[in-house]
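Reader: Could you take me through one part of this model slowly, the sheet, and then follow the threads that lead away from there? I'd like a connected account rather than a list.

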Amino acid sequence: MGQDATTVYSGTFERAMDAKKRVAVPASWLAKEEGEVLHVVPHPKDGFLMVMPPLELERYQAKIEASALTPVGKRHAIRKFFSEAHTVTTDKQGRIVLHEKHCERAGLSGDVIFMGTGSRFEIWSPERLAAADAEQTDAYLQAAEAIGL
């Protein structure tokens with residue numbers, strides 16, 4: 001069940017979140033069976049939700065453990081990361097239910113945007129995404145030029 005390590009989340013999809021905070025994950029990003037497990041974590045600074053399969057969550061934990069933080073700093077970072085993460089599963093319609101506090105923190109209500117970012121995907125409010133895109137265009141253009149796109 002679930003996506004394997006080679007899954008690439010790509011594309012941008014507009015979705016509507018209902019009053020119960022349910023939102024449909026793009027079908028191409030999901031396994032065919034109901035009950036796919038995903039982890040939702042608010043980004044620490046940028047006001048969106050990161051959604052990742054279990055293997056990606058483990059990779060973030062490994063990155064914290066391999067960081068230059070002190071042992072106490074690593075323990076605190078892991079505690080904060082996992083305490084803010086919520087596990088969700090898809091229903092028969094491929095929907096997940098977002099946590100109320102996550103929605104508040106990311107400014108989500110009504111329409112939302114799903115953005116693929118490779119090994120995970122993000123959920124944004126349209127307003128915050130527009131602002132972020134305006135700020136990040138130059139960085140993308142520089143990266144594209146640097147890698148020969």
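Author: Six strands make up an open sheet here, in the order 1-7-8-4-3-5, and the pairing is antiparallel. Bear in mind that this is a predicted model. The edges belong to strand 1 (12-16) and strand 5 (86-89); each has a single partner strand, so one side of each is left without a neighbour in the sheet. On average, neighbouring strands are turned by 30 degrees against each other, ignoring direction.

Let's start at the strand 1 edge. Its link to the sheet is strand 7 (residues 111-116): the two run antiparallel, with five bridges joining them. You can pick out the register from a couple of positions. Phe13 stands opposite Phe114 in strand 7, and Arg15 has Val112 as its bridge partner in that strand. As for cover, strand 1 lies largely in the open, because of its five residues the number buried is zero.

Now go inward to strand 3 (residues 37-42), where you'll find Val40. Val40 has a relative accessibility of 1%, so it counts as buried, the cut-off being under 20%. If you leave out residues up to four places away in sequence, Val40 touches Leu49, Met50, Val51, Glu84, Ala85, His86, Val88, Leu98 and His102. Here's a long-range pair for you as well: Val40 and Ile123 sit 83 residues apart in sequence, yet their C-alpha atoms are 9.4 Å apart in space.

One of those contacts of Val40, Glu84, takes us to the charges. Searching the whole structure turns up seven salt bridges. Try Arg120 and Glu122 to begin with: their side chains meet at 3.2 Å, N to O, and both residues are buried. As for Glu84, salt bridges with shared partners tie it into one network with Lys80 and Arg105.

Two further salt bridges deserve a look. In Glu56 and Arg59, the closest N and O atoms are 2.7 Å apart. Both sit in helix 1 (residues 54-66), and because they are three residues apart, about one helical turn separates them. Their cover isn't alike: Glu56 counts as buried at 5% relative accessibility, whereas Arg59, at 36%, is partly exposed. The other is Asp91 with Arg95, where the closest N and O atoms are 2.8 Å apart. Arg95 has a relative accessible area of 21%, so it falls in the partly exposed class, given that buried means under 20%.

Back to the sheet for the last thread, which runs through strand 7 again. Five bridges tie that strand to strand 1, and helix 4 packs on the sheet too, touching strand 7 and strand 8 (121-124); the helix direction makes about 45 degrees with that of strand 7. Follow the chain past helix 4 (126-146) and you come to the segment that holds Leu149. Leu149 counts as exposed, because its relative accessibility is 73%. Leu149 also belongs to a nonpolar patch on the surface, together with Tyr140, Leu141 and Ile147, and these residues have about 520 Å² of accessible area together.

Technical notes:
Residues are numbered from 1 along each chain as its sequence is written. This is a predicted model: local features need pLDDT of at least 70, side-chain atom pairs count only at pLDDT 80 or more; totals for chains, interfaces and linings use all residues. Side-chain values use heavy atoms; hydrogens and water are left out. Patches are made of residues with over 30% relative accessible area and no salt bridge: like charges are joined within 9 Å, nonpolar side chains (Val, Leu, Ile, Met, Phe, Trp, Tyr) within 5 Å. Accessible areas come from the Shrake-Rupley method with a 1.4 Å probe; for residues, only the protein chains shown count as cover. A salt bridge is a side-chain nitrogen of Lys or Arg within 4 Å of a carboxyl oxygen of Asp or Glu. Helices (H or I, at least four residues) and strands (E, at least two) are DSSP runs, numbered from the N terminus. Buried means under 20% relative accessible area, exposed over 50%, partly exposed in between (1.4 Å probe, protein chains only). Two strands pair if DSSP finds at least two bridges between them. Axes are lines fitted to C-alpha atoms, for helices over the stretch in contact, and angles run from 0 to 180 degrees between N-to-C directions. Contact means heavy atoms within 4.5 Å.
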